Every structure is written in C-alpha cells, then in structure tokens.
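Visitor: I am new to this structure and should like to learn how to read it. Could you guide me through some of its features?

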Amino acid sequence: MNMTHPFRDADGDKLREECGIFGVIGSREAAAIAAAGLHSLQHRGQEAVGITSFSGSEFHSHRGLGHVAQVFSARELATLPGTMASGHVRYSTTGGSGLRNVQPLFADLADGGFAIAHNGNISNAMTLKHDLVSKGSIFQSTSDTEVIIHLVATSRYPTLLDRFVDALRMVEGAYSLICMTPEGMIACRDPLGIRPLVMGRIGDATVFASETVAFDVIGAEFIRSIEPGELVQVDHKGTISSHRPFGSPSPRPCIFEHVYFSRPDSVMDGLSVYQVRKQIGVELAKEAFADADVVIPVPDSGVPAAIGYAQQSGIPFELGIIRSHYVGRTFIQPGDAARHADVKRKHNANRAVVEGKRIVLIDDSIVRGTTSKKIVEMMRDAGASEVHMRIASPPTEHSCFYGVDTPERSKLLAATMDTQAMADFIQADSLAFVSIDGLYRAVGEEKREKKCPQFCDACFSGEYPTKLTDFTERFAASTAAAATTAAELDAA
C-alpha cells in the first residue's frame with residue numbers, strides 16, 4: 001500500500017517524511033531482504049533508493065533515482081553480495097536531490113569502510129560543515145548526513161564506537177541511523193527518539209527498520225523498539241550489545257508518525273497506527289460534530305479517522321472519492337489547468353454518494369490549503385449540498401526541522417489565517433481540527449503535559465525540543481540584512 005497523498009503531490013501541498021531506513025546482518029540473502037524491506041517503506045521516500053552490502057572484505061553499493069522496484073532487479077541485487085546490508089529510501093529536504101545525495105553514504109576511514117543511512121535532519125549541519133571545511137574536510141555530497149561521517153573521521157577517540165558517540169554528541173536535531181563497519185552493524189536513535197527505529201529477527205539474522213510493517217513483509221519477528229538515545233551493536237556472530245551514552249532525557253517521539261507518516265498497519269511504541277487514527281476520528285467527532293448525511297474520507301490517509309468519526313457520530317461512512325490505483329507517480333505540473341487534470345486522473349467524486357448530501361470530509365492535515373480547496377470544489381461539482389471539513393490533526397502552524405519536508409512558515413495556511421478564514425479560503429461550510437489534547441488522548445495519554453510534552457508536536461505548538469542552530473543563524477542573518485537594506489533606503 002502506498003500512503004503518498006496523491007492530491008498533494010500535484011501541488012507539493014503535503015507534509016512528506018524525508019526517508020526510511022532498513023538494515024540486516026546475519027543473512028546470506030541480505031541485499032534481497034533489504035530491498036523487500038525498503039519496498040514496504042516506499043511511502044517514506046519515493047525520490048531515490050540505495051543499498052550497500054558487505055561481503056566480508058569489501059563494501060558494495062548500488063543507488064538510483066526512482067522507486068525500489070525500478071532501481072533493484074535480480075541483476076542489481078546480484079552485485080550486492082554478503083551477509084550484511086543496509087538501505088535507504090528518500091525524499092530530498094536537506095541537501096536537495098541528485099544521485100550524490102542518495103544513501104547509504106559510504107567512506108573509507110582509517111580503520112575501514114563506514115556506511116551510514118539516516119532518517120531525520122541535523123539542525124546544526126551547516127554550522128558543523130563550515131567548521132569542518134575550515135579545518136580541511138572535503139565534502140562529496142550536500143546531505144547533512146555526511147557531516148556525521150566527517151565528525152567520526154576526525155574524532156580522536158581510540159575505538160570506532162567512541163568516535164561515533166563523540167560525533168553524535170556534537171549534532172543536534174533528529175536522527176535514526178543504521179551504520180555498517182567491517183565489524184558489524186550499529187543502529188541508534190537520537191536522545192529524544194524523535195524519529196522511529198525498530199529491531200527484529202528473521203532466522204538467525206537481526207534486522208532494523210523505520211517501521212514494523214517492514215518486518216511483516218519479510219516475515220521477521222518484531223523484537224522491540226530501539227530506545228531513545230540507545231546504540232545497538234550487532235557483530236557478525238550475532239552478538240547484540242546495547243549502549244546508552246546520552247543519559248535518560250524524556251523522550252519526544254514525533255506525534256505526526258501516528259497522524260500520517262507511518263503505514264496504518266505498523267505498530268509504533270506498542271500502539272497500532274490504524275487504531276490510533278480511528279481514535280483520532282472518534283475524538284474529532286466528539287469535539288466537532290457536524291449535522292450531516294455522510295462521512296467521506298480523503299483517500300487514502302483520511303480513511304481510518306473517517307471510520308472512527310462515523311462510528312462515534314452515527315453518520316454513515318461512504319467512499320465519496322474513488323482513487324485510481326493505476327496512475328503513475330504524480331510530478332508537479334506547470335500551470336493550474338494541468339495540475340487540476342492530474343488530480344482528476346487520480347481521484348474522482350462518487351456522484352451517487354455525494355449528490356444532494358450534506359457531507360463531512362475527513363483529511364489528515366491542511367498544509368497550504370490548495371489541496372483542500374480542490375477537494376471541496378470536487379464535492380460541490382458532484383452535487384454536495386453542504387461540505388464540512390474535519391481535520392485529524394491540530395492546525396499545522398510551524399515548520400518541521402527534524403526530517404519532514406514542510407514549507408516555510410509563511411506558506412502554511414494555519415500560520416496566516418484563523419480557522420474561519422481557512423474555511424472561507426477552502427470554501428467549506430465549516431472547518432474544524434482535532435484539539436492537541438484530543439490528539440494526545442487518541443495516543444493513550446490523558447492530555448498533553450505542558451511542561452514536558454510526551455511527543456514532539458512542534459509543527460502544531462511551535463515548541464521545538466532541541467536547539468535549531470542553523471535556522472537561528474539564518475534568521476539572524478536575514479534580519480540583519482533586511483535592517484541594513486532598510487537603513488540604506490532611509491539614508492537615500
């Protein structure tokens with residue numbers, strides 16, 4: 001199942017996870033297992049894919065732009081021998097697109113090869129890179145992930161694990177990492193656990209992935225989540241060791257994984273993503289009931305919440321929008337007419353369900369608002385008498401700096417308008433979002449703890465759990481430049 005939001009692809013009106021990672025050690029079919037695992041994580045990144053394997057004496061890599069099935073056939077997998085492999089699917093946020101940024105990234109260090117696959121975003125990467133370049137480092141990519149490689153390479157600690165920990169102490173932001181060395185594999189999460197990572201077993205092999213669904217697909221048994229701040233080492237004999245060098249700060253996993261990013265058939269921190277999304281719909285119906293005839297999801301990501309909304313409200317659930325599953329990947333089209341035609345190829349209103357009805361439309365989020373406006377228009381064109389939009393997340397008012405591709409804040413509809421103004425913009429009869437406490441109740445919490453929130457919800461609250469060095473410095477520089485320009489104009 002592909003959870004890419006087809007409406008938003010046409011306009012870039014979408015919150016997109018940057019990437020998904022997968023690793024396996026201890027299997028003769030390592031590369032093939034990695035490819036199968038990555039295929040199940042395709043929804044986390046559809047721009048490019050790479051796999052690196054280790055054959056006992058040498059690292060082998062194949063990378064390409066496109067989907068897993070397009071890049072990896074039996075022929076390519078045959079060039080990746082060995083019992084250890086890691087892989088990566090990506091969108092580009094930090095660093096931009098291009099083959100040189102496709103992961104896993106690889107480097108020959110003083111004591112052997114080092115491959116790294118990264119999900120997340122290093123929020124002080126530019127500051128660190130500037131310092132490293134000034135000391136002689138030469139970068140081969142524009143990805144923030146390469147900063148970690150250089151920090152490991154330049155650390156003066158005696159062992160690779162110590163150098164790796166030393167490097168991670170210098171970075172801020174979010175990361176789940178799978179690293180390969182001649183000695184084995186290392187998997188780790190940042191101290192707050194913002195990005196997910198889980199561990200499993202298939203036969204005698206140990207596997208790691210961004211989501212549990214990857215284990216289901218390859219027939220692996222889920223063991224547990226990698227804990228926030230934990231480093232797990234696995235050697236070629238299968239010996240597993242755990243290290244916790246960062247203390248025990250209060251975890252802040254990304255709550256949007258439950259709202260949208262993860263596949264609904266995954267389990268996140270013991271919670272079924274599908275059940276959480278249904279419960280968000282239940283909370284939404286309690287908080288923002290609409291007197292209507294039918295509940296309609298925006299496929300596919302709005303479906304579980306719409307089921308929950310319908311069950312709680314007693315309003316029948318119907319498929320009022322039918323999605324075509326035979327349309328290829330949607331690229332941004334030039335011009336409004338072409339974009340609109342692209343939307344129509346992907347989705348069509350089910351007039352038999354919509355015509356003459358008061359409808360409740362359920363979607364996971366509103367980003368720029370252009371998508372929601374088109375959906376509302378589609379429903380009205382199909383004869384809906386009323387269109388009430390309900391959103392299964394709080395208003396997205398702030399940008400994410402932890403590995404999610406979000407527009408700058410000025411382009412987020414909720415950052416510039418209140419709810420009524422947003423309703424007017426998308427031309428809905430009414431609009432409501434689940435409250436942030438309602439979202440927390442859906443994930444099993446009584447409420448959001450204001451002093452120490454249980455999740456990272458910065459895109460809703462603006463409360464970022466780490467420093468944002470690069471952003472702060474860029475903001476300061478742009479503010480200074482604007483002040484200088486204003487002063488010059490005044491002087492003129």
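Guide: We shall discuss a strand, a helix, the salt bridges and the cavities in turn. Please bear in mind that this is a predicted model.

Visitor: Let us begin with strand 2. Are the residues on its faces buried or exposed?

Guide: In a regular strand, side chains point alternately to one face of the sheet and to the other. Strand 2 spans residues 19-25, and seven of its seven residues are buried. On one side these are C19, I21, G23 and I25, and on the other G20, F22 and V24, so that both faces are covered.

Visitor: Which strands are joined to strand 2 by bridges?

Guide: Strand 5, residues 84-90, runs antiparallel to strand 2 and is joined to it by seven bridges. Within that pairing, G23 has S86 as its bridge partner. Strand 11, residues 205-209, is also antiparallel to strand 2, with four bridges between them. Here F22 is partnered by A209.

Visitor: I turn now to helix 5. Which of its residues are buried?

Guide: An α-helix has 3.6 residues a turn, so residues three or four places apart point the same way. Helix 5 covers residues 125-134, and its buried residues are A125, L128 and L132. Viewed down the helix axis, these buried residues fall within an arc of 70°, so they line one face of helix 5.

Visitor: What is found on the other side of helix 5, and which residue follows the helix?

Guide: On that other side, M126, H130 and S134 are exposed. The helix is followed by G136, which has a positive phi, near 110°.

Visitor: How many salt bridges does the structure hold?

Guide: Side chains of opposite charge can pair when their charged atoms come close. The structure holds 19 salt bridges. One of them joins D131 to K135, with the closest N and O atoms 3.3 Å apart. D131 is partly exposed, at a relative accessible area of 36%, while K135 is exposed, at 66%.

Visitor: What is the accessibility of each partner in the salt bridge between E76 and R75?

Guide: The side chains of E76 and R75 meet at 3.5 Å, N to O. E76 has a relative accessible area of 14% and is therefore buried, since buried means under 20%. R75, at 65%, is exposed, because exposed means over 50%.

Visitor: Which parts of the sequence does the salt bridge between R441 and E287 tie together?

Guide: The closest N and O atoms of R441 and E287 are 2.9 Å apart. R441 lies in helix 17 (residues 436-442) and E287 in helix 10 (residues 273-287), so the pair ties together parts that are 154 residues apart in sequence. R441 is partly exposed at 34% relative accessibility, and E287 is partly exposed at 33%. Elsewhere, a network of salt bridges links R44, R195, E211 and E257.

Visitor: Finally, how many cavities of 30 Å³ or more are there, and what lines the largest?

Guide: Rolling a probe the size of a water molecule over the atoms shows where empty space is left. Five cavities of 30 Å³ or more are counted, and the largest has a volume of about 120 Å³. It is lined by 17 residues, of which C254, F256, C400, V404 and C459 are the closest to its centre. Helix 9 (256-261) and helix 18 (458-461) are the elements that give two or more residues to this lining. By class, the lining of the largest cavity comprises 13 nonpolar, two polar and two charged residues.

Notes: Residues are numbered from 1 along each chain as its sequence is written. This is a predicted model: local features need pLDDT of at least 70, side-chain atom pairs count only at pLDDT 80 or more; totals for chains, interfaces and linings use all residues. Side-chain values use heavy atoms; hydrogens and water are left out. Buried means under 20% relative accessible area, exposed over 50%, partly exposed in between (1.4 Å probe, protein chains only). Two strands pair if DSSP finds at least two bridges between them. On a 1 Å grid over the protein atoms alone, a cavity is a set of points where a 1.4 Å probe fits but cannot get out, and a pocket is an open set with protein on both sides within 12 Å along at least five of seven lines; lining residues have an atom within 4 Å of a point. Grid points are joined across faces, edges and corners, and a volume is the space filled by probe spheres set on the points. Ala, Val, Leu, Ile, Met, Phe, Trp, Tyr, Cys and Pro count as nonpolar, Asp, Glu, Lys and Arg as charged, and the others, Gly among them, as polar. The arc is that of the directions from the helix axis to the C-beta atoms. A salt bridge is a side-chain nitrogen of Lys or Arg within 4 Å of a carboxyl oxygen of Asp or Glu.
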